[in-house]
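Work through the following exercises with the model open beside you, and compare each step with the solution written beneath the task.

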Amino acid sequence: MDERQAPLDRPVELPAEMPAEVPAVGHPSVRQPANESREGGPRRAIALAVALVLTASLAALALRGVAGAGTSNPPGSVASPAPVSSVPGSISDPIRSSPSTSPSPSPSPSPAPALHALGESVAVGGRETHVAERAERWDRTADPDRIYITVRVHVSATVADVPFDSAYYQLQDGSGTLARPIPNGREPVLAYGRLDNVGDETSGWVTFETGTQGPYRLTYLLPLGTNGLLASIVVGFDELSPATPEPTTTPTPTSSADPNPFPPGVPNWGYPTTRSSTYYAGYGATKPGADVSKVSGSWTQPRATCSGSSTTAFSVWVGIDDNGIGNLEQLGTEVSCVAGSKTPHYSAWYEMFPELSRSVPIRAQPGDRFTASVTNEGSRWILAIANRTSGQKWSIARTRQAVAAQALWVAEAPSTQVSEPGQHVLPLTSFGTVAVTGCTAIVGGVRRDIDDPGWAHYRFDMVSRTGTPKASTSALGSGGSAFSVRWRHA
């Protein structure tokens, strides 16, 4: 790509030990802490308590009736969190009362929860239909004492704004023991996300490690978003289906047909399908005359290698810009290396370019899974990022009058300055390979994957000014919503 046409680059924050001869990098004026605002506007960090609520509720539900020993809510009904023992899978001591002088009738046992079968479509909480489609043994290891069970589920929204996540599931084996969840299990994982519109749907696998055989009971608890209320169902199965081939990327929610398909006889709306840049790899997409109202994507923070001989940087992010005119709203994660040290420094950040970037107060370590989104509502911009591994979430709302013309999913070599785009690019930190999945955007009111024919999309390949490949971008996979970027050269 001609650098004059390239989207604006982002200044990077490097650790405090940055050498003095590199101006501005790591200086407080370059990246301000997340709790400081140039405009004095509110800043808030949202700590995720859902994981704690779900853990308690799932264990309580399993103990109350999955094995038929207690009570439970009817399928699809609302369940409130209940206190459980601090020991997973154990039963809390019952409340002891004073002996009575006269006998009292024994209470009638409450019915066990209805047990649904694989392949059965179940309405849950008045918000969605849920199908546990099949259950398989996942041959992750040859150790016969380690059994991995993976279940493919399909979720379809019957109202707007329905969350989905593998964290909402728990598996009980034949001995009554709760299996250990595997967050990075079989792909495509039913990863953290939301179904925005009625009729949107998604599918994915939830995976567990267990030590015994069935019968198995899969408990699903759907957060209803109010006072910790949950809707619950239980799916039972005894046998496992034969293994099926594994795709390598994650599908994303689908929606209605595009009312404005691309113009006949104009491939890719007249845009080139590939572009080169000294600091971008990944994908961009745009539709002339239509606004991008939301962009989202997911990735796992790669582990970096620092040579110790030079200062380098690398970041992954999603964003919306005005096709390079002057504004870019973005957020993601970053890793940097400082000359003289072999210790990588990881962080999360957001930026309303041309303003300076700011740190986001959530963990960003190698192997952590992230989902990020940028939403435009006229002059209101909402930037959100979730560390699905640690359970931390963060978001911020800002006001800005800016054009929302281009959706971006980018792996970047950051710059040391905000002026003169492409002129102050740092060497690229060695990051191996990063996969970006769940790449969707809402454009002209329609949800689209990157390669949707209703808009133009193009691949960025990162090269040096002499043409040496720095990072290569793969072709699109998973129905046009996923890709990977591989490090080639600093």
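**Exercise 1: an open sheet**

Task: Establish the order of the strands in the five-stranded open sheet and say which strands stand at its edges.

Solution. The five strands follow one another as β4-β5-β6-β11-β9, with antiparallel pairing. β4 (121-124) and β9 (180-181) each have a single partner strand and therefore stand at the edges, so that one side of each lacks a neighbour in the sheet. Strands here are DSSP runs of E with at least two residues, numbered from the N terminus, and two of them pair if DSSP finds at least two bridges between them. Between β4 and strand β5 (residues 128-137), which run antiparallel, there are four bridges, and Ala123 stands opposite Thr129 in β5.

The model is predicted, so local features need pLDDT of at least 70 and side-chain atom pairs count only at pLDDT 80 or more, whereas totals for chains, interfaces and linings use all residues. Residues are numbered from 1 along each chain as its sequence is written, and side-chain values use heavy atoms, with hydrogens and water left out.

**Exercise 2: a covered strand**

Task: Determine how many residues of strand β15 (residues 280-286) are buried, and find its partner strands.

Solution. Seven of the seven residues of β15 are buried, where buried means under 20% relative accessible area, exposed over 50% and partly exposed in between (1.4 Å probe, protein chains only). One face carries Tyr280, Gly282, Gly284 and Thr286, the other Ala281, Tyr283 and Ala285, and both faces are covered. Strand β24 (residues 406-412) pairs with β15 in the antiparallel sense over seven bridges, with Thr286 opposite Gln406. Strand β27 (residues 456-463) is likewise antiparallel to β15, over five bridges, and there Tyr458 is the bridge partner of Gly284.

**Exercise 3: charged pairs**

Task: Locate the salt bridges of Arg180 and Arg447, and state whether each partner is buried or partly exposed.

Solution. A salt bridge is a side-chain nitrogen of Lys or Arg within 4 Å of a carboxyl oxygen of Asp or Glu, and the structure holds eleven. In one of them, Arg180 meets Glu209 with the closest N and O atoms 2.4 Å apart; Arg180 lies in strand β9 and Glu209 in strand β11 (residues 201-210), 29 residues apart. Arg180 is partly exposed at 45% relative accessible area, whereas Glu209 is buried at 14%.

In another, Arg447 and Asp200 meet at 3.7 Å, N to O. Because Arg447 lies in strand β26 (residues 446-449) and Asp200 in the loop between β10 (193-195) and β11, the pair ties together parts 247 residues apart in sequence. Arg447 is buried at 10% relative accessibility, and Asp200 is buried at 1%.
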